[in-house]
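Thank you all for making time this morning. I would like to walk you through one model, beginning with a charged pair and then stepping back to the chain as a whole.

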Amino acid sequence: MGGHNDASMTFDQNIFTDFFNFFDCEFNAPVIFTNNIVMKGTNLLGNVGEGFENRFNTGCEIKNNLGALNLNR
């Protein structure tokens with residue numbers, strides 16, 4: 001994933017078995033990331049303070065997930 005995303009995205013009740021890469025994303029519509037299992041983690045909330053930190057311009061709902069969501073990769 002990456003780049004500018006203008007459509008709303010919903011990830012609900014998934015199992016991600018590998019690292020789920022959200023490098024340098026800008027979300028211009030709501031993102032819903034709920035009830036997922038992320039076995040090897042994701043950088044959805046990671047890379048804080050970096051020039052490639054993900055941006056949620058219209059907000060996000062992130063809850064009830066298992067696994068690391070804030071990896072710095």
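Let me start with glutamate 61, which has a relative accessibility of 34% and therefore counts as partly exposed. Its partner is lysine 63, and the two form a salt bridge in which the closest N and O atoms are 3.3 Å apart. Lysine 63 is also partly exposed, because its relative accessibility is 44%. Please keep in mind throughout that this is a predicted model.

How many salt bridges does a search of the whole structure find? The search finds three, and as general background, side chains of opposite charge can pair when their charged atoms come close. Apart from the pair I have just described, Asp24, Glu26 and Arg55 are linked in a network of salt bridges, and I will take that network one contact at a time.

In the first of these contacts, the side chain of aspartate 24 meets that of arginine 55, with an N to O distance of 3.7 Å. This pair links distant parts of the chain, since aspartate 24 sits in the loop between strand E3 (15–16) and strand E4 (25–27), while arginine 55 belongs to strand E7 (residues 55–56), 31 residues apart. Aspartate 24 has 30% relative accessibility, so it counts as partly exposed, and arginine 55, also at 30%, is therefore partly exposed as well.

In the other contact, arginine 55 meets the side chain of glutamate 26 in a salt bridge of 3.4 Å, N to O. Here too distant parts of the chain are linked, with glutamate 26 in strand E4 and arginine 55 in strand E7, 29 residues apart. Is glutamate 26 buried or exposed? Glutamate 26 counts as buried, because its relative accessibility is 17% and the cut-off for burial is under 20%.

Stepping back to the chain, we have eight strands and zero helices, so to speak a run of β-β-β-β-β-β-β-β when read along the sequence. Of contacts between residues at least 6 apart in sequence, 51% join residues at least 24 apart. The radius of gyration is 11 Å, which agrees with the value near 11 Å for a compact globule of 73 residues, and the C-alpha atoms fill a box of roughly 25 × 25 × 15 Å along the principal axes.

Of the 73 residues, 34% count as buried, and the accessible surface comes to about 4,200 Å², with 50% of it belonging to carbon and sulfur atoms. Finally, on charge, the chain carries 4 positive and 8 negative side chains, and the centres of the two sets lie 8 Å apart.

Methods:
Residues are numbered from 1 along each chain as its sequence is written. This is a predicted model: local features need pLDDT of at least 70, side-chain atom pairs count only at pLDDT 80 or more; totals for chains, interfaces and linings use all residues. Side-chain values use heavy atoms; hydrogens and water are left out. Helices (H or I, at least four residues) and strands (E, at least two) are DSSP runs, numbered from the N terminus. The radius of gyration is taken over C-alpha atoms; the globule rule is 2.2 Å times the number of residues to the power 0.38. Buried means under 20% relative accessible area, exposed over 50%, partly exposed in between (1.4 Å probe, protein chains only). Contact means heavy atoms within 4.5 Å. Accessible areas come from the Shrake-Rupley method with a 1.4 Å probe; for residues, only the protein chains shown count as cover. Lys and Arg count as positive and Asp and Glu as negative; His and the chain ends are not counted. The place of a charge is taken as NZ of Lys, CZ of Arg, CG of Asp or CD of Glu. A salt bridge is a side-chain nitrogen of Lys or Arg within 4 Å of a carboxyl oxygen of Asp or Glu.
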